[in-house]
Amino acid sequence: DLTAINTCEGNITVSPSEEISPGNCPGNYVITRTWSFSGSCGFSGDVHQVITIKDESAPILPIAPEELSISCNDPLPEAQSLTAMDNCDGEITVLPTDEITEGDCPNEYIITRSWIFEDACGNSDSLQQIINVSDGEAPVFPVSFSNETYLSCGAEVPLGENRVAIDNCEGEISVAPTDQITEGACPNSFTVVRTWLFADACGNSTQVQETFIVE
């Protein structure tokens, strides 16, 4: 309430009336507050107060998830919703979006997970989580065999066959062998070193050898 002083009637106290003009969003508006004073002799006067309300504060961010480093065969962490607090709109809960940046090979990349919080008046802020995906494991050859096999000079060296290794990210990797022949002390003696090289798409490799000695 405000009080005016009338020379004939003394103090005149009145309560204001309010008019609200909406703005361009729910958090922006203008309050026009008016006190109307009038005396019994017909004299009157108004007092106005204009209150401009603006929402210019971005939501308060929650704590960002920690940066992660995982292997290419690990399950990707599930995208979780996060909640920010806004001074006018209260809780704002959003799901993230993922952006993938390719690495140096198909099984290595970076996921940038972003949460963008925006209130009804367009004030926004964001946070990010970085997930590094890498491939540091070589293929595994699960079968064992004799490293050295001795054959007589009349025997034939077995033909090389494709063998299969298992990679943590790419599954089965099948390769054919290469043979390196080293002559012996006489025409009927020699050594065959048979090599299988299993390499995944990121350059991790395992080498397996078998040796045939013909005497």
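Guide: A quick definition before we start: buried means under 20% relative accessible area, exposed means over 50%, and partly exposed is what falls in between. Keep in mind that this is a predicted model.

Visitor: OK, so is Cys186 buried, exposed or partly exposed?
Guide: Its relative accessible area is 38%. Buried needs under 20% and exposed needs over 50%. With 38%, Cys186 therefore counts as partly exposed.

Visitor: Which cysteine has the sulfur closest to that of Cys186, too far for a bond?
Guide: A disulfide needs the two sulfur atoms within 2.5 Å. For Cys186 the closest cysteine sulfur is 7.7 Å away, so there's no bond. That sulfur belongs to Cys153.

Visitor: How many disulfides does the count come to?
Guide: Cys25 joins Cys121 with an S to S distance of 1.9 Å. Cys72 and Cys169 have their sulfur atoms 1.5 Å apart, and for Cys105 and Cys202 the figure is 1.9 Å. The cut-off is 2.5 Å, and the count of disulfides comes to three.

Visitor: Which pattern do the disulfides of the chain follow?
Guide: You count the bonded cysteines along the chain. Cys153 is in no disulfide, so a cysteine like that gets no number, as the count takes bonded cysteines. The pattern reads 1-4, 2-5, 3-6.

Visitor: How many residues apart in sequence are the parts that Cys105 and Cys202 tie together?
Guide: The S-S torsion of this pair is about 85°, so the disulfide is right-handed, and both cysteines are buried. Cys105 lies in the loop between β9 and β10, while Cys202 is in the loop between β16 and β17 (205–214). The separation along the sequence is therefore 97 residues.

Visitor: Are the rings of Phe141 and Phe198 stacked or edge-to-face?
Guide: This is the one aromatic pair that a search of the whole structure finds. Planes under 30 degrees apart count as stacked and over 60 as edge-to-face. The ring centres are 5.5 Å apart and the planes sit at 20°, so the pair is stacked.

Visitor: Which strands stand at the edges of the open sheet?
Guide: Four strands line up as β6-β11-β10-β9, with mixed pairing. An edge strand has a single partner, so one of its sides is left without a neighbour in the sheet. That describes β6 (68–71) and β9 (97–102).

Visitor: And which residue's charged end sits over the ring of Trp196?
Guide: For an Arg, the test puts CZ within 6 Å of the ring centre and within 35 degrees of the ring normal. Here the charged end is 4.8 Å from the centre of the Trp196 ring, and the residue is Arg163.

Terms used:
Residues numbered from 1 in each chain as written. Predicted model: local features only at pLDDT ≥ 70, side-chain atom pairs only at ≥ 80, totals over all residues. Heavy atoms only, no water. Phe/Tyr/Trp six-rings, centres within 6.5 Å; stacked < 30°, edge-to-face > 60°. Pairing = 2+ DSSP bridges. Helix = DSSP H or I, 4+ residues; strand = E, 2+ residues; numbered from the N terminus. Buried < 20%, exposed > 50% of the residue type's maximum accessible area, 1.4 Å probe, protein only.
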